[in-house]
Amino acid sequence: KYEKQKYESLTVLAAQEIKQCAEMVSIKSVYTDIITVKKSGALGMSKSYSLVKYSGTIRAGIADITEVTFDISEDRSAIKLSVPQSVILSNDIVSQQVFDESNNVFSLITTQEIFAEIDVARKKQELELIKSGFLNEADDYTKQLLTRIFSAMGFKYIDIELQKTTAKTNSDWLNSLKENTLSLPEQNKTEETEKQTETQSLPEKLPSDAALPGSL
């Protein structure tokens, strides 16, 4: 009976530790980008442009920490965890600045049009970051963090496996992100003039057969 109580107490403690590390199980990438917003009107006779510099932060990790499940061996020396794959948790713009512009009264660039261009550009940054293996890095960090936590609790053997996602889930999510990235009207296309990111430079388009972990 005493051993059973110790087992149940350890199970409760393990569940509490998992819940408390919800915000810790994530990584982030900071990026800076410069885009040119162009617009023409009056049969192409009037033209306007704006150069916009913006910075953003992309965070990845476990969307719902309560989906983590675990089993503890009867002798309380081993624990096996099943962890959801990492997803993009947020992609926030932290600053923006228009540092060069030329506006014609017949083709004024509105604030909404600038925001729309930035939105498409930030989604493209997200797509490229995922292609570079950002979510895999988040998964590795999750495993390292949980391993440290449960090692400190006294477990000698710690096994962490990622929960599987279906190919359809990955495909639906990828197609949705691509569609959002290509959603601007033809006359308001974004032309990138400079890119400074903390991640690897990648092609603008993903291969159609790209396999990505996790889902938004």
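Colleague: Is Y54 buried or exposed in this predicted model?
Modeller: Buried means under 20% relative accessible area. Y54 has a relative accessible area of 0%. So Y54 is buried.

Colleague: How many aromatic pairs does a search of the whole structure find?
Modeller: One pair joins Y31 and Y54. Another is formed by F150 and F155. The search of the whole structure finds two.

Colleague: What kind of pair do the rings of Y31 and Y54 make?
Modeller: Their centres are 6.1 Å apart. Planes over 60 degrees apart count as edge-to-face. Here the planes are at 85 degrees, so the pair is edge-to-face.

Colleague: Which strands hold Y31 and Y54?
Modeller: This pair links distant parts of the chain, 23 residues apart. Y31 counts as buried, at 2% relative accessibility. Y31 is in β1, residues 26-41, and Y54 is in β2, residues 46-61.

Colleague: What is the angle between the planes of F150 and F155?
Modeller: F150 is buried at 1% relative accessible area. F155 counts as buried too, at 5%. Their centres are 6.0 Å apart, and the pair is edge-to-face. The angle between the planes is 70 degrees.

Colleague: How far apart are the end C-alpha atoms of helix α3?
Modeller: Helix α3 has 19 residues, 134-152. At 1.5 Å a residue, α3 should span 27 Å. The computed distance agrees: 27 Å.

Colleague: What arc do the buried residues of α3 cover?
Modeller: The buried residues include F134, L135, A138 and F150. They lie on the same side of α3, because their arc around the axis is only 145 degrees.

How values were computed: Residues numbered from 1 in each chain as written. Predicted model: local features only at pLDDT ≥ 70, side-chain atom pairs only at ≥ 80, totals over all residues. Heavy atoms only, no water. Helix = DSSP H or I, 4+ residues; strand = E, 2+ residues; numbered from the N terminus. Expected span 1.5 Å × (residues − 1). Buried < 20%, exposed > 50% of the residue type's maximum accessible area, 1.4 Å probe, protein only. Arc of directions from axis to C-beta. Phe/Tyr/Trp six-rings, centres within 6.5 Å; stacked < 30°, edge-to-face > 60°.
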